[in-house]
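Student: I would like a close look at the internal spaces of this protein, meaning its cavities and its main pocket, and at the residues and elements that surround them. Please take them in turn and keep the account connected.

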Amino acid sequence: MAVVKSEFGVASTGEQVYKFKIENSKGEYVSIINYGCTIQAIVVEGKDGKLHDVVLGYDTVKGYEEGTFFYGAFIGRCGNRIANGKFTLNGKTYELEINNGANHLHGGSNGFDKKVYSDFTIGENSVSLRRTSPDGEANYPGNLDVEVIYTFDDNACLRIDYKAKTDADTVVNLTNHSYFNLAGEGSGSVYDQTLKLDCPAMIPTDAGLIPTGEIRPITKGDVFDFSEAKPIGQDIDKDDERLVIAAGYDHTVLLPEHDGLYTFAQAKSEKTGIIMDVATTMPGAQFYSANFLEGKPGKQGHIYNRRDAFCIETQYVPNAVNCDKFASPVLKAGQETHTVTTYTFSK
């Protein structure tokens with residue numbers, strides 16, 4: 001195992017951005033940049049014996065600075081949407097940036113994904129990145145110390161540890177927004193890639209993609225039924241109100257009640273033979289079929305079009321701070337949170 005640090009570029013703020021390449025004994029590797037704690041590449045072996053980069057992204061710092069799709073980004077303070085950009089905590093109402101229709105999304109337009117993390121430590125097969133989000137940043141309360149640790153091993157398992165502690169009650173919903181294409185980034189639609197989900201329920205949304213508060217069981221044959229592996233594109237354009245509202249899949253699925261890491265998802269590309277298993281300690285995940293990609297260039301000049309990837313973002317339910325039906329994303333003063341998600345690749 002080895003971690004190689006190199007210069008990736010310079011941010012518009014003048015801060016140096018580094019790339020950390022974590023390589024295993026098979027030559028597979030993950031590249032992390034300290035701009036947005038971003039997963040810039042995941043390169044794993046396919047059934048053809050060749051290496052394939054299976055995440056979308058950019059080749060330059062400028063790409064990530066100007067990009068609006070959150071490729072590979074560390075998301076915070078609060079992943080996903082907060083209705084009308086408002087929440088009330090301890091009797092005080094906080095108003096956040098409205099950056100997605102009428103709502104607040106992914107911590108705002110200058111969230112954790114747009115920061116340079118200059119405090120980092122390199123391990124044998126890991127990199128840890130830290131930052132303090134000051135009280136009032138993006139109008140969230142409390143000084144929040146955050147740390148994200150990426151570890152990659154000989155089993156091609158990428159483990160992400162999210163840690164945070166606060167000196168005042170605040171909202172914390174940390175996730176990663178990697179866009180996966182197991183046939184290789186830039187290879188086109190993921191319609192024929194299969195997905196299996198061990199998730200008993202999903203969360204319907206309103207037209208603004210805010211959960212309605214309903215927890216709907218997933219029944220056999222439902223468009224959200226991935227209890228047996230099926231192509232992502234099989235039902236994606238069916239005339240189902242939930243899919244029509246979101247222009248495809250862009251919904252939270254709930255995991256069974258569990259303690260510790262629970263493997264709930266498996267995706268596969270028949271083209272490369274690459275399989276990805278996802279496990280998490282979190283209660284839910286956002287399954288997103290990249291419905292809003294706009295045909296703009298990414299790595300190696302590849303054009304990323306609508307539904308050329310999928311995301312599985314482990315997290316609390318969107319807008320949970322405003323709905324007591326769901327597990328709460330509130331972190332109390334003096335408390336610490338530590339959640340884990342793993343993406344394991346095989347063939």
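Tutor: What follows goes through the cavities, then the pocket, and then a sheet that shares a strand with the pocket lining. The model is a predicted one, and a search of the whole structure finds four cavities of 30 Å³ or more.

The largest cavity holds about 80 Å³ of space, and its lining is made up of Y35, T38, Y58, Y64, G67, T68, F69, F70, Y71, A73, D113 and K114. Sorted by class, the residues around the largest cavity are seven nonpolar, three polar and two charged.

For the second largest cavity, the volume is about 60 Å³, and the residues that line this space are Y162, K163, A164, V172, N173, L174, M282, Y316, T337 and T339. Two strands, strand 14 (157-166) and strand 29 (336-346), each contribute at least two residues to the lining of the second largest cavity, and strand 14 gives the largest share, with three residues. The classes in the lining of the second largest cavity are six nonpolar, three polar and one charged.

Turning from the cavities to the open space, the largest pocket has a volume of about 540 Å³ and is lined by 26 residues, with T68, F70, N100, L105 and H106 lying nearest its centre. Helix 1 (61-66) and strand 24 (284-288) are the elements that supply two or more residues to the lining of the largest pocket. By class, that lining comprises eight nonpolar, ten polar and eight charged residues. T68 and F70, which are among the residues nearest the centre of the largest pocket, also appear in the lining of the largest cavity.

Strand 24, which contributes to the pocket lining, also takes its place in an open sheet of five strands, whose order is 19-18-21-24-27 and whose pairing is antiparallel. The edges of this sheet are formed by strand 19 (216-217) and strand 27 (311-315), each of which pairs on one side only. At the strand 19 edge, strand 18 (residues 201-202) runs antiparallel to strand 19 and is joined to strand 19 by two bridges, and within this pair A201 stands opposite P217 of strand 19.

Technical notes. Residues numbered from 1 in each chain as written. Predicted model: local features only at pLDDT ≥ 70, side-chain atom pairs only at ≥ 80, totals over all residues. Heavy atoms only, no water. 1 Å grid on protein atoms, 1.4 Å probe; cavity = no way out; pocket = protein on both sides within 12 Å on 5 of 7 lines; lining within 4 Å. Points joined across faces, edges and corners; volume = space filled by probe spheres on them. Nonpolar A, V, L, I, M, F, W, Y, C, P; charged D, E, K, R; others polar. Helix = DSSP H or I, 4+ residues; strand = E, 2+ residues; numbered from the N terminus. Pairing = 2+ DSSP bridges.
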